Amino acid sequence: MIIAKFGGTSVADSNCISRVLEIIQNNPNQQVVVVSALSGITNMIQESAHCAASGDLKYQKILSEIEARHFACIKKLLPINKQSQVLSHIKQQINSLSTLHEGVYLLRELSPRTKDHMLGFGELLSYYIIAKTAIAQNLDVGLENARNLIFTKNDIEKNSVDQQKTFDSIRSYFKKSKHRVTIIPGFVASDEEGAPTTLGRGGSDLTAALIASALDAEKLEIWTDVSGMFTAHPKYVKQARAIKKMSYYEAMELSHFGAKVIYPPTLQPVMEKNIPVIVKN
C-alpha cells in the first residue's frame, strides 16, 4: 500500500485536482490519498474568524468567496447530472461554518476549541469534492473523514496525537475497506471527547505519516510544488540543487530550521517503521 499526500498547491483549483486524479488513476497500487484544503482556504478561514471576533462583518464576504471557489471547482470537475448532491453537501458545510462565525461575532470571542473547529473546514470541503469527482470518473474510491480515524489528547494548545487509539482506529477501518483508493482529509482530528480538533498547521503531512505507520505502508509520497529538499532555498540561491537522498534525522533537522517541504513532526511515525518518504513535484 502507498500513502500519497497532496498539499494545498496540488489541489489549488479544478485543473490541479484533475492532475491529482490522473496521478491516482495511473498508479495501480492500493492507495490512501490524503488531501489538504484548496490553496489559501485555511488562511481565509483564519482571517474570517478573526474578523468575526473583532466585530467586523467582512467575515461574511470571505465566507462567500470560499463558497464561490468550491462551487466553481464542482461545476468544472463534475458532469451536470452529478453536481446537485455535491453542491448541496458543500452548501451545508459552509452553512455550518457560517453558524460558528455568527456565534463568534455575537460573543466577540474566538476560543482555541472554536478556532480549531473552524480551521478544519477547508479539508472537509476539498476531500469530499475530490472523492466525488473520482467516483464520477469510475475510480474505485472510498472516502472517510479523518476525524473518525485520528485522535488527539485533550490539550488544545499542543494537539498531541493519541497514537495507540489512532493506530487502532486506522487498522480497524482499513481491515474492512476494500476500495483500491481511499481519500481522506488531512489536518483534522477529534479529541478524547469527540470534539473536532486539528493537528496544527502543516498537519496533513502528519495525517499521512500516521496512516503510513499504522498500515506498514510501502512508502509515503509527499506531492508538492517543489522537487524535494534543496541545498539552499532555491528562491534566493540560484545554485541550489535538489538533494537526492538523506536520512530521516537530516530531513528533520532541515525541517526544524525552516525547510517547509515536510512538516517537522511528520517523520517520527515513519522513521519508527523505516518507511521511505518520497517528495514528488
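Which residues of β4 are buried on one side, and which on the other? I will come back to that once the sheet is laid out. One caution before I start: this is a predicted model.

The sheet first. Six strands form an open sheet, in the order β3-β4-β2-β1-β7-β8, and the pairing is parallel. The edge positions belong to β3, residues 141–143, and β8, residues 277–280. Each of those two has a single partner strand, so one of its sides has no neighbour in the sheet. From one strand to the next, the twist averages 20 degrees. As general background, strands in a sheet pair through backbone hydrogen bonds, in either a parallel or an antiparallel arrangement.

Now β4, which covers residues 181–185. Towards the edge, β4 is joined to β3 by three bridges, and the two strands run parallel. Within that pairing, V181 is the bridge partner of V141, and I183 is the bridge partner of L143. With β2, β4 pairs over five bridges, again in the parallel sense. There, I183 is the bridge partner of V33.

Back to the opening question. On one side of β4 the buried residues are V181, I183 and P185; on the other they are T182 and I184. Both faces are therefore covered, and in general the side chains of a regular strand alternate between the two faces of the sheet. Five of the five residues of β4 are buried, which means that the strand is largely enclosed by the rest of the structure.

One element packing there is helix α1, residues 14–26. Helix α1 lies across β1, β2, β4 and β7, and runs at about 170 degrees to β1. For reference, β1 is 2–6, β2 is 31–35 and β7 is 219–223.

Last item: R147. This arginine is in the loop between β3 and α7, with α7 at 163–176. How far away is the nearest side chain of opposite charge? That side chain is D116, at 7.7 Å, and R147 has no salt bridge although it is buried. A polar atom of the R147 side chain does lie 3.4 Å from the backbone oxygen of A189. Leaving aside neighbours within four places in sequence, R147 is in contact with D116, H117, G120, L124, V188, A189, S190, P196 and T197. So D116 appears in that contact list, but without a salt bridge to R147.

How values were computed:
Residues are numbered from 1 along each chain as its sequence is written. This is a predicted model: local features need pLDDT of at least 70, side-chain atom pairs count only at pLDDT 80 or more; totals for chains, interfaces and linings use all residues. Side-chain values use heavy atoms; hydrogens and water are left out. Two strands pair if DSSP finds at least two bridges between them. Helices (H or I, at least four residues) and strands (E, at least two) are DSSP runs, numbered from the N terminus. Axes are lines fitted to C-alpha atoms, for helices over the stretch in contact, and angles run from 0 to 180 degrees between N-to-C directions. Contact means heavy atoms within 4.5 Å. Buried means under 20% relative accessible area, exposed over 50%, partly exposed in between (1.4 Å probe, protein chains only). Lys and Arg count as positive and Asp and Glu as negative; His and the chain ends are not counted. A salt bridge is a side-chain nitrogen of Lys or Arg within 4 Å of a carboxyl oxygen of Asp or Glu. A polar contact is a pair of N or O atoms within 3.5 Å; within protein, one must be able to donate a hydrogen and the other to accept it, and residues adjacent in sequence count only if both atoms are side-chain atoms.
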